[in-house]
Amino acid sequence: MELTRLFQEKSELMRSFLERTQTALQEIRNITDVQARIAQIDDLTTDREQRLRMLQALDSQIEQARVAMKPSELRQLTGDSTFTSILLKIPELISEIQLTDQSLFLYIQSIGGEVREDLLRQLRERQAVSKFKSQDVPTKGEGLDKTL
């Protein structure tokens, strides 16, 4: 039936969403340059947003298919073991996605700490250079003229 196909498609999309996030997180952890990590996170975010829009579209199709079904068809469908197994798999996938997302968000927070440290280091370097430049340095030999 149409509803079974749509739920199967949703399950597969959720699985690919999870696998993509897990793979990207592993790849990002292996990158040493902070800016490169941030770029990879941006790419992952874009990909995740696209997949979430696809899931939303599927949910709307599922709702339309459910509304179009007769109550007797729904009862028959709930007794189908294939359909039931698909439905049971979705909450498991949601839990795995949530755990992976928590890891991703914690990792992003740690990168934020690294970025803050880098910015503070750069600020201190700029202040040191600024102090050096602001010292009274005579121009055009003024100090030599005064000494003579």
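**Exercise 1. Orientation of the first two helices**

How are helix 1 and helix 2 oriented to each other, roughly parallel or roughly antiparallel? Determine the orientation in this predicted model, and describe the residues in the contact.

*Solution.*
Step 1. Helix 1 covers residues 2-29 and helix 2 covers residues 34-68. Their axes come within 10 Å and cross at roughly 170 degrees.
Step 2. An angle over 145 degrees counts as roughly antiparallel. Helix 1 and helix 2 are therefore roughly antiparallel to each other.
Step 3. Sorted by class, the contact of helix 1 with helix 2 holds 16 nonpolar, 11 charged and 4 polar residues.

**Exercise 2. Composition of the chain**

State which secondary-structure elements the chain contains, and what share of its residues is buried.

*Solution.*
Step 1. The chain has 5 helices and 0 strands.
Step 2. Read from the N terminus, the order of elements is α-α-α-α-α.
Step 3. The chain has 148 residues, of which 26% count as buried.

**Exercise 3. Span and buried residues of helix 2**

Compare the span of helix 2 with the expected value, and then list its buried residues.

*Solution.*
Step 1. Helix 2 contains 35 residues. From its first C-alpha to its last, helix 2 reaches 51 Å.
Step 2. At 1.5 Å a residue, the expected value is 51 Å, and the span of helix 2 is close to it.
Step 3. The buried residues of helix 2 include the nonpolar Val34, Ile41, Leu44, Leu55, Leu58, Ile62 and Ala65.
Step 4. Charged residues are also among the buried ones in helix 2, namely Arg37, Asp47, Arg48 and Arg51.

**Exercise 4. Salt bridges within helices**

How many salt bridges does the count come to? Analyse the pairs Arg5 and Glu2, Arg66 and Glu63, and Arg121 and Glu125 by distance, spacing and accessibility.

*Solution.*
Step 1. The count comes to 9 salt bridges. The criterion is a side-chain nitrogen of Lys or Arg within 4 Å of a carboxyl oxygen of Asp or Glu.
Step 2. In helix 1, the N to O distance of the salt bridge between Arg5 and Glu2 is 2.6 Å. These two residues are 3 apart, about one turn of the helix. Arg5 is partly exposed at 41% relative accessibility, and Glu2 is partly exposed at 43%.
Step 3. This pair belongs to a network of salt bridges that links Glu2, Arg5 and Glu9.
Step 4. In helix 2, Arg66 and Glu63 form a salt bridge at 2.5 Å, N to O. Because they are 3 residues apart, about one helical turn separates them. Arg66 counts as partly exposed at 37%, as does Glu63 at 39%.
Step 5. In helix 4, which spans residues 81-134, Arg121 and Glu125 lie 4 residues apart, about one turn of the helix. Their side chains meet in a salt bridge of 2.9 Å, N to O. Arg121 is partly exposed at 37% relative accessibility, and Glu125 is partly exposed with a relative accessible area of 42%.
Step 6. The spacings fit a general rule: an α-helix has 3.6 residues a turn, so residues three or four places apart point the same way.

**Exercise 5. The largest nonpolar core**

Which residues of the largest nonpolar core touch the most other members? Identify also the helices that supply the core.

*Solution.*
Step 1. The largest nonpolar core has 18 residues. Within it, Leu3, Phe7 and Met14 touch the most other members.
Step 2. At least two residues of this core come from each of helix 1, helix 2 and helix 4.
Step 3. The greatest contribution to the core is that of helix 1, with 7 residues.

**Exercise 6. Residues distant in sequence**

Establish the sequence and spatial separations of Leu93 and Ser11, and of Gln61 and Phe7, and classify Leu93 and Gln61 by accessibility.

*Solution.*
Step 1. Leu93 lies in helix 4. With a relative accessible area of 1%, Leu93 is buried, since buried means under 20%.
Step 2. Leu93 and Ser11 are 82 residues apart in sequence, while their C-alpha atoms are 7.8 Å apart in space.
Step 3. Gln61 lies in helix 2 and is partly exposed, with a relative accessible area of 38%.
Step 4. Gln61 and Phe7 are 54 residues apart along the chain, and 9.8 Å separates their C-alpha atoms.

Conventions:
Residues numbered from 1 in each chain as written. Predicted model: local features only at pLDDT ≥ 70, side-chain atom pairs only at ≥ 80, totals over all residues. Heavy atoms only, no water. Axes fitted to C-alpha atoms, helices over the stretch in contact; angles between N-to-C directions. Parallel < 35°, antiparallel > 145°, perpendicular 65-115°, else oblique. Buried < 20%, exposed > 50% of the residue type's maximum accessible area, 1.4 Å probe, protein only. Expected span 1.5 Å × (residues − 1). Core = buried A, V, L, I, M, F, W, Y, C linked by side-chain atoms within 4.5 Å.
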